[in-house]
Amino acid sequence: MATEHVHVPAHASDWATPTATAVDASAWASAPALDTPRTPVDEGLIEIAAEMTPGKALDLGCGEGQNSVWLAQRGWVVTAVDHAPGAIAAARDHAAAAGVDGTIVFVVADIAEWAPASRFDLVFCTLALPARGMGRSRMLDMAAAAVATEGTILLTDFDSSLSREGWMAEKYLVSVEQLERHLGGFRVDRAGVRKARHRHGYEERVLPVAHVVATKRADLRSRF
């Protein structure tokens, strides 16, 4: 019988025990694979990738690789980065089981310090931002710089409104405005707060996430 593997964020110990009742979530689309996906593929990624021609993608904070594998199955060449060797090992196994390990380059590195040697058609970071501070700012600037001209960036993380509800330490939350500050030279295509299904251990809830999709403009000089 297949075992479901659940990705817990690196900052899971900072979660508070909530009293609110979870809202039922609709089923997420997920890539076909030989085993149950470890976590659902990000809905925002599914939406924007459906509108793009497959190219080069950069997955920052890839966890166990569900987003990278989903893209590779659809013709993308992916670089997937995570600081946790265990997560990368699980992601490699996931990619091999899905038959796409030849089109994903896995890197063990801290995304707050790492920088790629090339640019990408799609750069994304979903629920993996470093804690607020210089590391987060450096990572967001790096992500923006890694986007090729006319390429797309997707940034998603838990919304700052959760601090008022006692869900998570404030240093791990972000607002749409904070994300947009790092996108000089981009056209913001979509921005706002949406609901997303998330697993914390064996518990599943629907939580608000700040969500920005932007395109690097050819007619503006980027500040990066």
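Let's start with the aromatic rings: this predicted model holds zero aromatic pairs. One ring still has a charged neighbour, since K56 lies over the face of F120, at 4.9 Å from the ring centre.

From here, step into the interior. In soluble globular proteins, nonpolar side chains tend to be buried together. The largest nonpolar core here has 29 residues, and L60, V123, M139 and I153 are those with the most contacts inside it. At least two residues of this core come from each of β1 (56-60), β4 (120-126), α4 (134-145), β5 (147-158), α5 (176-180) and β7 (203-216). The most is given by α4, which supplies five residues. To see how one of the central side chains is surrounded, look at M139: leaving aside residues up to four places away in sequence, M139 touches L60, I111, A112, C125, L129 and P130. Another core, of 25 residues, lies apart from this one, and its members include A91, F124, L154 and V213.

Now follow the strands, with β4 as your guide. Six of the seven residues of β4 are buried, leaving the strand mostly covered. What does β4 pair with? One partner is β1, in the parallel sense, over three bridges; within this pairing, D59 has F124 of β4 as its bridge partner. Another is β5, which runs parallel to β4 and is joined to it by six bridges. Here C125 finds its bridge partner in L155 of β5.

Finally, add the helix to the picture. Together, β4, α4 and β5 make a right-handed β-α-β unit, and α4 is also the element that gives the most to the 29-residue core.

How values were computed. Residues are numbered from 1 along each chain as its sequence is written. This is a predicted model: local features need pLDDT of at least 70, side-chain atom pairs count only at pLDDT 80 or more; totals for chains, interfaces and linings use all residues. Side-chain values use heavy atoms; hydrogens and water are left out. Rings of Phe, Tyr and Trp (its six-membered ring) pair if their centres lie within 6.5 Å; planes under 30 degrees apart count as stacked, over 60 as edge-to-face and the rest as tilted. A charge sits over a ring if NZ of Lys or CZ of Arg is within 6 Å of the ring centre and within 35 degrees of the ring normal. A nonpolar core is a set of buried Ala, Val, Leu, Ile, Met, Phe, Trp, Tyr and Cys residues joined through side-chain atoms within 4.5 Å. Buried means under 20% relative accessible area, exposed over 50%, partly exposed in between (1.4 Å probe, protein chains only). Helices (H or I, at least four residues) and strands (E, at least two) are DSSP runs, numbered from the N terminus. Contact means heavy atoms within 4.5 Å. Two strands pair if DSSP finds at least two bridges between them. A crossover is right-handed if, with the strands pointing away from the viewer, the path from the first strand over the helix to the second runs clockwise.
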